[in-house]
Amino acid sequence: MRASVQLFLNHLRVERQSSAHTLRSYEDDLAVFERFLKDTFGDDMDPATLDAQRLRRYSAWLTGQGYAASTVARRLASLRSYFRFLRRSGDVQADPAAGLRNPKQPKRLPKLLRIEDVVQLLDAIPLDTSLGERDRAMFETLYGGGLRVGELVGLDVGDLDVEQELMRVRGKGRRERLSPIGAMAVYWIRRYLTSRVARDGSVRALFLNRYGDRLTSRSVGRLLEEHLARAGLRGDASPHTLRHSFATHLLDRGADLRSVQELLGHRNLTTTQIYTHVTRERILDIYHEAHPRA
């Protein structure tokens, strides 16, 4: 099985041009499946000998190990992708993973920051150093464009059109989109660029660490934690919280769902519909504005 997994990962790397993060996720998920087969059946089994019953047993085992429903769903999705690849390549005659069902997912609304919390966070970033100006520009851009953190750190200087207040964003699946970032983000980016110093001319990244190299997603998360603490705000917010807040604030102020879908770079509208929840204050405002007896 190990050989076929490597062929699958190579297919993702070369043909699908999957990101390093995506490749690590698939590799980790399939390694868990391999360990299950060895521990349960005592062998590195040929995928052609696996049937739907054994895969259902694996699904039950994942749940029994205490994995979250979202983790179980991701590991099963990786397994389905792997067997679809084997089916297309002719290594298996039938796809035993085709009927695998994901566990029921709990309905959880995304964590949010209120508009005033976002302003408080941004205003709390100290500006007495060039790194402070970088952080202000970075989080203005993250919130101003509703970016994923991977999209943020993937930005190059050449992706910006400051005159038009636009940037070229490379999203999931290498899909590119043009995204507006707004006047405030552009203002702080201009300030940051006057002090931006790359390690050498080959470093094209917009946001750099203290050594002049591209920032990582993990570093952005740590910086956000520091600035949240400085602002006296909740410590469980993440860079993705700013993306959730971006979408919700747009919808609360009258943006249509289809436009928000385009801005977020979602392929399917159903992914965007999680943001159609509204705050209690917004519901009361609508009631008082619309009801004749309110």
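These legends walk through several close-up views of one predicted protein model.

A few notes on reading them come first. The model is predicted, so local features need pLDDT of at least 70 and side-chain atom pairs count only at pLDDT 80 or more, while totals for chains, interfaces and linings use all residues. Residues are numbered from 1 along each chain as its sequence is written, and side-chain values use heavy atoms, with hydrogens and water left out.

**View 1. The whole chain, with its 13 helices and three strands.**
Helices (H or I, at least four residues) and strands (E, at least two) are DSSP runs, numbered from the N terminus. The C-alpha trace spans about 65 × 60 × 35 Å along its principal axes. Of the 294 residues in the protein chain, 40% are buried; here buried means under 20% relative accessible area, exposed over 50%, and partly exposed in between (1.4 Å probe, protein chains only). The accessible surface comes to about 16700 Å², and carbon and sulfur atoms hold 49% of that surface. Accessible areas come from the Shrake-Rupley method with a 1.4 Å probe, and for residues only the protein chains shown count as cover. Take contacts (heavy atoms within 4.5 Å) between residues at least 6 apart in sequence: 58% of them join residues at least 24 apart.

**View 2. A surface patch of positive charge built from arginines.**
Arg16, Arg84, Arg88 and Arg267 gather here. Patches are made of residues with over 30% relative accessible area and no salt bridge; like charges are joined within 9 Å, and nonpolar side chains (Val, Leu, Ile, Met, Phe, Trp, Tyr) within 5 Å. One of the four, arginine 267, sits in the loop between helix H11 (257–264) and helix H12 (269–272). Arginine 267 counts as exposed because its relative accessibility is 60%. Over the whole chain, the mean positions of the 48 positive and 37 negative charges are 4 Å apart. In this count Lys and Arg are positive and Asp and Glu negative, with His and the chain ends not counted; each charge is placed at NZ of Lys, CZ of Arg, CG of Asp or CD of Glu.

**View 3. A salt bridge between helix H7 and strand E3.**
A salt bridge is a side-chain nitrogen of Lys or Arg within 4 Å of a carboxyl oxygen of Asp or Glu, and the structure holds 22 of them. In this view glutamate 151 pairs with arginine 177 at 3.0 Å, N to O. The two partners lie 26 residues apart and link distant parts of the chain, with glutamate 151 in helix H7 (residues 149–153) and arginine 177 in strand E3 (residues 176–180). Glutamate 151 is buried because its relative accessible area is 4%, and arginine 177 is also buried, at 12%.

**View 4. Arginine 168 in a network of salt bridges.**
The network links Asp156, Asp159, Arg168, Arg170, Glu176 and Arg214. Within this group, the side chains of arginine 168 and glutamate 176 meet at 3.9 Å, N to O. Look for arginine 168 in strand E2 (residues 166–170); its relative accessibility of 32% makes it partly exposed. Leaving out residues up to four places away in sequence, arginine 168 touches Leu155, Gly158, Asp159, Glu176, Arg177 and Leu178. Serine 179 is 11 residues from arginine 168 in sequence, and their C-alpha atoms are 6.4 Å apart.

**View 5. The salt bridge of aspartate 117 and arginine 114.**
Here the two side chains come to 3.1 Å, N to O. Aspartate 117 counts as buried because its relative accessible area is 10%.

**View 6. Serine 59 in helix H3.**
Helix H3 covers residues 52–64. With 13% relative accessibility, serine 59 is buried. Apart from residues up to four places away in sequence, serine 59 touches Leu76 and Arg101.

**View 7. Two loop residues with positive phi, glutamine 17 and glutamate 165.**
Most residues other than glycine have a negative phi. Glutamine 17 has a phi near 55° and belongs to the loop between helix H1 (2–14) and helix H2 (20–41). With a relative accessible area of 47%, glutamine 17 is partly exposed. For glutamate 165, phi is about 60°, and the residue lies in the loop between strand E1 (160–161) and E2. Glutamate 165 is partly exposed, at 30% relative accessibility.
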